[in-house]
Amino acid sequence: MKMTTEQLKQLANDIMLDFGAEELEKLKNEFDVILKQMDLVQKIDTTNVHSMHFPYNLTVDYLREDVEPIAEQQKDILALAPVAEGDYIVINKVVK
């Protein structure tokens with residue numbers, strides 16, 4: 001498949017670029033090379049290749065264990081808060 005000058009003009013118009021005739025011809029040649037390379041990639045036999053979503057095997061062993069908050073610390077923090085309701089600190093609304 002080859003790119004036509006009209007297709008390139010339409011693409012350039014879509015992305016709001018204005019190319020001259022010489023620039024369009026150069027782009028056309030570059031697109032032809034890219035499309036030929038893509039055709040070669042499509043011809044690669046991938047029948048015995050498994051898809052690879054992520055190239056590394058990761059083990060998540062660096063996370064700490066969850067620790068429940070100590071109730072005494074929570075009570076101390078809530079006692080220092082200007083306004084508290086239940087187990088929460090009340091703050092002013094910052095989004096209008």
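The following is a short conversation about a predicted model of one protein chain.

Colleague: To begin, how many helices and strands are in the protein chain?
Modeller: The protein chain has 3 helices and 2 strands. In sequence order, the pattern reads α-α-α-β-β.

Colleague: And what is the radius of gyration of the chain?
Modeller: The radius of gyration is 31 Å, whereas the globule rule gives 12 Å for 96 residues; the value is well over that figure, so the chain is more spread out than a compact globule.

Colleague: What does the C-alpha trace span along its principal axes?
Modeller: The span is about 75 × 45 × 15 Å.

Colleague: What share of the residues is buried?
Modeller: Buried residues account for 7% of the 96 residues in the protein chain. As for the surface, the chain exposes about 10,000 Å², and 57% of that comes from carbon and sulfur atoms.

Colleague: What about contacts between residues at least 24 apart?
Modeller: If one takes the contacts between residues at least 6 apart in sequence, 27% of them join residues at least 24 apart.

Colleague: Turning to charges, how many are positive and how many negative?
Modeller: The protein chain has 10 positive and 18 negative charges. The mean positions of these two groups lie 8 Å apart.

Colleague: How many salt bridges does that give, by the rule used here?
Modeller: The count is 1 salt bridge. The side chains of Glu6 and Lys9 form a salt bridge, with an N to O distance of 3.9 Å.

Colleague: Where do Glu6 and Lys9 sit relative to one another?
Modeller: Both belong to helix 1, which covers residues 5–14. They are 3 residues apart there, and therefore separated by about one helical turn.

Colleague: Are those two side by side in the interior, or what is known of their exposure: buried, partly exposed or exposed?
Modeller: Glu6 is exposed, with a relative accessible area of 55%. Lys9 is partly exposed, and its relative accessible area is 43%.

Colleague: A different residue now: where is Asp32 placed?
Modeller: Asp32 lies in helix 2, which runs over residues 21–42.

Colleague: Is Asp32 buried or exposed?
Modeller: Asp32 is buried, yet it has no salt bridge.

Colleague: Which side chain of opposite charge is nearest to Asp32?
Modeller: That is Lys2, at 4.3 Å. A salt bridge requires a distance within 4 Å, so this pair does not qualify.

Colleague: Which residues does Asp32 touch, then, leaving aside those up to four places away in sequence?
Modeller: With those set aside, Asp32 touches Lys2 and Met3.

Note on methods:
Residues numbered from 1 in each chain as written. Predicted model: local features only at pLDDT ≥ 70, side-chain atom pairs only at ≥ 80, totals over all residues. Heavy atoms only, no water. Helix = DSSP H or I, 4+ residues; strand = E, 2+ residues; numbered from the N terminus. Rg over C-alpha atoms; globule rule 2.2 N^0.38 Å. Buried < 20%, exposed > 50% of the residue type's maximum accessible area, 1.4 Å probe, protein only. Contact = heavy atoms within 4.5 Å. Areas by Shrake-Rupley, 256 points an atom, 1.4 Å probe, with all protein chains shown as cover. Lys, Arg positive; Asp, Glu negative; His and termini not counted. Charge placed at Lys NZ, Arg CZ, Asp CG, Glu CD.
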